[in-house]
Amino acid sequence: MASMEGVSDYLFGLMPNHTVDPVGAARWLVCKNFWGTLWHVVSFSDGFPDRGRGIPYFYLTKYDISVRNIEKDAKVAFAVSELGLGPVSGRDPQDPTVTKLTITGNLEKLDRNSAEGQFALSVLEAKHPGMKKWPADHDFEPYKLEDIKDLFLLFETGGPVHVPVKEYLRYPKKMAE
């Protein structure tokens, strides 16, 4: 197994080709990450590997605080960070040069038998194969972050950027670039 030294920059989240493209940086962060934060750390997927759509899907249990909270109010903030991909040059998560994205919208439960529910389950299991073995008696269900209202990107050392939702959702580039 390779040491942390010399492991490819790709694995450690250095954004290729997005240093001046906040929309691309936002989409790249969502596509490449495996986990983010709602009220706590959660696994998610926005599509099959390197073919992200920008919409986060989750597999949550009724015992999860996130699920209990959205029963009262579906509005959520979901955050991902460049450091979710691994350590980057020994930087601290709060370092202003570490790219971070917060997406606000509504967390909605999907019907697992619907086309979108089946899509959500397939992309979640593609990114997180262990989910297939999670306990059936915990009542896990697919959820989607929808009706995105705002994307707040802390990017490079230049201050915050509000990424336009329409541009984010229609971003055409492959996430593997």
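Val 41 lies in strand E2, which spans residues 41–43. In this predicted model, Val 41 counts as exposed because its relative accessibility of 52% is over the 50% cut-off. Val 41 is also part of a nonpolar patch on the surface, formed together with Phe 34 and Trp 35. The three residues of this patch have about 290 Å² of accessible area together.

A little further along the chain comes a hairpin, made by strands E3 and E4 with two residues between them. E3 covers residues 45–48 and E4 covers residues 51–61. The two strands pair in the antiparallel sense, over three bridges. A good place to start looking is Ser 45, which stands opposite Tyr 57 of E4. In the turn itself, Asp 50 has a positive phi of about 65 degrees.

Helix H1, residues 22–32, is mostly covered, with 10 of its 11 residues buried. Among them are the nonpolar-looking names a reader may expect, including Val 23, Trp 28, Leu 29 and Val 30, but Arg 27 and Lys 32 are buried as well.The end of this helix meets another buried lysine, Lys 127, through contacts with Val 30, Cys 31 and Lys 32.

Lys 127 is found in helix H3, which runs over residues 115–127. Although buried, Lys 127 has no salt bridge. The nearest side chain of opposite charge belongs to Asp 46, 4.5 Å away, and a salt bridge requires a distance within 4 Å. Leaving out residues up to four places away in sequence, Lys 127 also touches Asn 33, Phe 34, Phe 44, Ser 45 and Asp 46. Two of these contacts tie in with features already described: Phe 34 belongs to the nonpolar patch, and Ser 45 is the residue opposite Tyr 57.

Across the whole structure, a search finds seven salt bridges. One of them joins the side chains of Glu 116 and Lys 144, with an N to O distance of 2.8 Å. This pair links distant parts of the chain, since Glu 116 sits in helix H3 and Lys 144 in strand E7, 28 residues apart. Glu 116 counts as partly exposed because its relative accessibility is 28%, whereas Lys 144, at 14%, counts as buried. Lys 144 meets a second partner, Glu 146, in a salt bridge of 3.9 Å. With a relative accessibility of 27%, Glu 146 counts as partly exposed.

Another salt bridge brings together the side chains of Asp 147 and Lys 149, at 2.9 Å from N to O. Here Asp 147 is partly exposed at 41% relative accessibility, while Lys 149 is exposed, with a relative accessible area of 56%. Shared partners, by contrast, join Glu 116, Lys 144 and Glu 146 into one network of salt bridges.

Strand E7, residues 140–154, is also the place of Ile 148. Ile 148 counts as buried because its relative accessibility is 11%, under the 20% cut-off. Setting aside neighbours within four places in sequence, its contacts include Gly 54 and Ile 55, and Ile 148 also touches Ile 103, Thr 104 and Gly 105. Further contacts of Ile 148 are Val 165, Tyr 168 and Leu 169. Lys 166 is 18 residues from Ile 148 along the chain, and the C-alpha atoms of the two are separated by 9.5 Å.

Note on methods:
Residues are numbered from 1 along each chain as its sequence is written. This is a predicted model: local features need pLDDT of at least 70, side-chain atom pairs count only at pLDDT 80 or more; totals for chains, interfaces and linings use all residues. Side-chain values use heavy atoms; hydrogens and water are left out. Buried means under 20% relative accessible area, exposed over 50%, partly exposed in between (1.4 Å probe, protein chains only). Helices (H or I, at least four residues) and strands (E, at least two) are DSSP runs, numbered from the N terminus. Two strands pair if DSSP finds at least two bridges between them. Patches are made of residues with over 30% relative accessible area and no salt bridge: like charges are joined within 9 Å, nonpolar side chains (Val, Leu, Ile, Met, Phe, Trp, Tyr) within 5 Å. Accessible areas come from the Shrake-Rupley method with a 1.4 Å probe; for residues, only the protein chains shown count as cover. Lys and Arg count as positive and Asp and Glu as negative; His and the chain ends are not counted. Contact means heavy atoms within 4.5 Å.
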